[in-house]
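The exercises below are meant to be worked with the sequence and the 3D view side by side. Try each task before reading the solution that follows it.

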Amino acid sequence: MRRWPEDRLAFGGDYNPEQWPRETWTEDVDLMARAGVSFVTLGVFSWSWLEPAKGEYEFGWLDDVMDRMADADIAVDLATGTATPPPWFSHAYPQSLPVDHDGHTLWPGSRQAWCPTAAPYREHALALTTQLATRYHDHPALALWHVSNEYACHNIPCYCDTCAGAFRVWLRERYERLDRLNDAWGTAFWSQRYTDWAQVLPPRRTTTFANPTHQLDYSRFQSDALLVFFLAEKAVLTRLSPDVPVTTNFMTMTRFRHLDYHQWAPHQDVVSTDHYVVDSLTHPRAELAFSADLTRGLAGGDPWMLMEHSTSAVNWQPVNRAKAPGQTIRDSLAHVARGADTIGFFQWRQSQAGSEKFHSALVPHAGPDSARFREVCRLGEIARRLGEVRGSRVESRVALLWDYQAAWAVGGPAMPSARLDYAFVAETVHRLLRARGVTVDVVHPSAPLDAYGLVVVPTLYLVTDVDAAHLADAAESGAQVLVTFFSGIADQDDHVRLGGYPGAFRDLLGIRVEELFPLSSDETARLGSGGEATLWTEDLTATTATVLDRYASGPLTGRPAVTRHDVGAGSAWYLSTMPDDASLDAVLGDLLDAAGVLPVLPGLPVGVEAVRRRSPDSSWLFLANDTEESHEVDIAGHDLVTARDVDRLHLAPGEVAVVRER
Ligand code: GAL
Ligand code: ZN
């Protein structure tokens, strides 16, 4: 085995040599050296090549590739290959195929067509993992194990009969007695009372709104079921290859919410994730930053790996445009700024055939004589120079709470408004803080909060008593806390906390809400401060809080809209609506002032981003010009992107710098 590159930021990506003849492998190694590739992820979709028939393994080709990587001094992140079973497997074990909400089987023909509780899948996956671990545990190229790939990308929720049985087992562990399940699920409603475990099914398509707690538990169960599979593979690796760290690549894009990554992250030796820029979003760069800040939160603030992103276009949007010149570097460094110590891509060489032939790669269809490959080579050089930032941590005094279980619950059926998406307020606040030059840690509600001057609690619809008390403690001990509408409403069983909203935070906030008035898409509410609000309003009474702003139009005219409640050494602020950007930004400005949180680099032009990473004896400022104009920034130090000392930095549109500060 070998160590993950330590003198540079590891740079590389998924390498799928089985798509190419051997002559190409020779060229690959030469081009990898030219590009400065220092790691590859091998074998992610190689099962049908490694085990062409049940129990018959062919490792010769992989031995060859592993040896080539060792000779070229390229570290291998070796996949267990279990992401997609071969056709012979699906043919022999059709009961392992996933089944959708409507009872339709998802057939093989693409990838990940396996059910998260299928015993034959598990057995065969563990057999392959055992073979690989036995064969390669001491190979000189092996530096990391990559279990499966992007768990849950396509195969959950599965509603098959096997999952039904496994769900009952999971429920018996959680509730022990059926009457506890009946209480948790509120089955007194609509005659849903269960009298035997056998009556409990997955929440398959039904006549109208399904039981929300039933659905919530199913999401928890499916995430746990896949985690059990991950842990089973990991156990094999830890037994046979104890010296090599293990990871599986997450998908921390804000719209992917099938797994509760806060349950998964503690089981990773290093947290790794994949991120793709979705052009169709209104604020794609803000989404990238959010996702990276969330990944850092999952890693507990430690450096993490960007396992995959794209050098240029993806091919899974309706329209897929190439990235602008320089954007490969800029996107990569945006992740590094926020704590990534590895820059990975899907994939090394753009496929000639198959479903991803129009997805970009490090070596494009045009070949190495291309602007994109030259940019890739430049990124490789930068990654080498950036070695000194490895292990440093991102500075932040603002936390934003994110909880997959709250997301599941608030996305449940029959809510006050179908217009509310879990991520919306979180992303808006994060975007505005980022525009103010403030770095945000996105963390779970149970994370330690003492390092933060400001804690933002967006749409935390579901919260446990323990986490609610933890937040109140943070305010008591001096934090400014901002809670936004439709938070603290329900407990972990999705039972509404009675006595007035927002039950869990009523005392902390010094308010009481009797009724909710969500707005339709053509409605707005004016605010006394002059702004305009959308999406949501609430009939709020300030019991002990101070009113900061009021509604100035509509049915709630004169009622409080924004409040502040001083508690202990801190304050708890409440936002009962969604103000326009300028009004929300003004509130955030007041919060930052109260918290004493300054921008990373005060005085920067709007649209120039600055994030600082710090080690015990150095600090680096990551700057990115996300505007259409050139900007000058007063900063003295050494820029690792251009390898030049600077006193004053000139940043062209889209340009980035990493300045080691003096
Ligand atoms: C990821 C996946 C890769 C590739 C990539 C394309 O979801 O892990 O195998 O499909 O997306 O963007
Ligand atoms: Zn299933």
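**Exercise 1. Ligand 1 and its surroundings**

How many Å separate an oxygen atom of ligand 1 from an N or O atom in the side chain of Arg 111? Use the predicted model to find this distance, and then describe the surroundings of ligand 1.

Solution. Step one is the distance itself: an N or O atom in the side chain of Arg 111 lies 2.9 Å from an oxygen atom of ligand 1. Step two adds two acidic residues, for a polar side-chain atom of Glu 150 is 2.3 Å from an oxygen atom of ligand 1, and a polar side-chain atom of Glu 356 is 2.4 Å from an oxygen atom of ligand 1. Step three turns to coverage, where the protein covers 96% of the 310 Å² of accessible area that ligand 1 has on its own. Step four extends the list of neighbours, since the residues around ligand 1 also include Phe 45, Asn 149, Tyr 276, Trp 316 and His 359.

**Exercise 2. The zinc site**

Identify the protein donors of the zinc ion (ligand 2) and decide on the geometry of the site.

Solution. Begin with the donor atoms, which are the SG atoms of Cys 115, Cys 158, Cys 160 and Cys 163, lying 2.2 to 2.3 Å from the zinc ion. Along the chain, these donors follow the spacing C-x42-C-x1-C-x2-C. Next, examine the angles among the four donor atoms, which run from 98 to 118°. Four donors count as tetrahedral if all angles lie between 85 and 135 degrees, and the zinc site is accordingly tetrahedral. Finally, check the accessibility of two of the donors: Cys 160 has 6% relative accessibility and counts as buried, while Cys 163 is buried with a relative accessible area of 0%.

**Exercise 3. Salt bridges between elements**

Which elements are joined by the salt bridge of Asp 63 and Arg 135, and which by that of Arg 431 and Asp 581?

Solution. As background, side chains of opposite charge can pair when their charged atoms come close. In the first pair, the closest N and O atoms of Asp 63 and Arg 135 are 2.7 Å apart. Asp 63 belongs to helix 3 (residues 60–71) and Arg 135 to helix 5 (residues 119–136), so this salt bridge ties together parts that are 72 residues apart in sequence. In the second pair, the side chains of Arg 431 and Asp 581 meet at 2.9 Å, N to O. Arg 431 sits in helix 14 (residues 422–435) and Asp 581 in helix 17 (residues 581–595), which places the partners 150 residues apart. To finish, consider exposure: Arg 431 is buried at a relative accessible area of 15%, whereas Asp 581 is partly exposed at 34%.

**Exercise 4. Ser 576**

Is Ser 576 buried or exposed, and what does its side chain contact?

Solution. First place the residue, which is in the loop between strand 21 (570–575) and strand 22 (578–579). Then take its relative accessible area of 0%; buried means under 20%, so Ser 576 is buried. Last come the partners: the side chain of Ser 576 makes a polar contact of 2.7 Å with the side chain of Tyr 551, and a polar atom of the Ser 576 side chain lies 2.8 Å from the backbone oxygen of Ala 561.

Conventions. Residues numbered from 1 in each chain as written. Chains lettered and ligands numbered in written order. Predicted model: local features only at pLDDT ≥ 70, side-chain atom pairs only at ≥ 80, totals over all residues. Heavy atoms only, no water. Donors = N, O, S within 2.8 Å, 3.2 Å for Na, K, Ca; no water. Tetrahedral: all angles 85-135°; square planar, octahedral: opposite > 155°, others 65-115°. Buried < 20%, exposed > 50% of the residue type's maximum accessible area, 1.4 Å probe, protein only. Salt bridge = Lys/Arg side-chain N within 4 Å of Asp/Glu carboxyl O. Helix = DSSP H or I, 4+ residues; strand = E, 2+ residues; numbered from the N terminus. Near = heavy atom within 4 Å. Polar contact = N/O pair within 3.5 Å; in protein donor to acceptor, adjacent residues only side chain to side chain. Areas by Shrake-Rupley, 256 points an atom, 1.4 Å probe, with all protein chains shown as cover.
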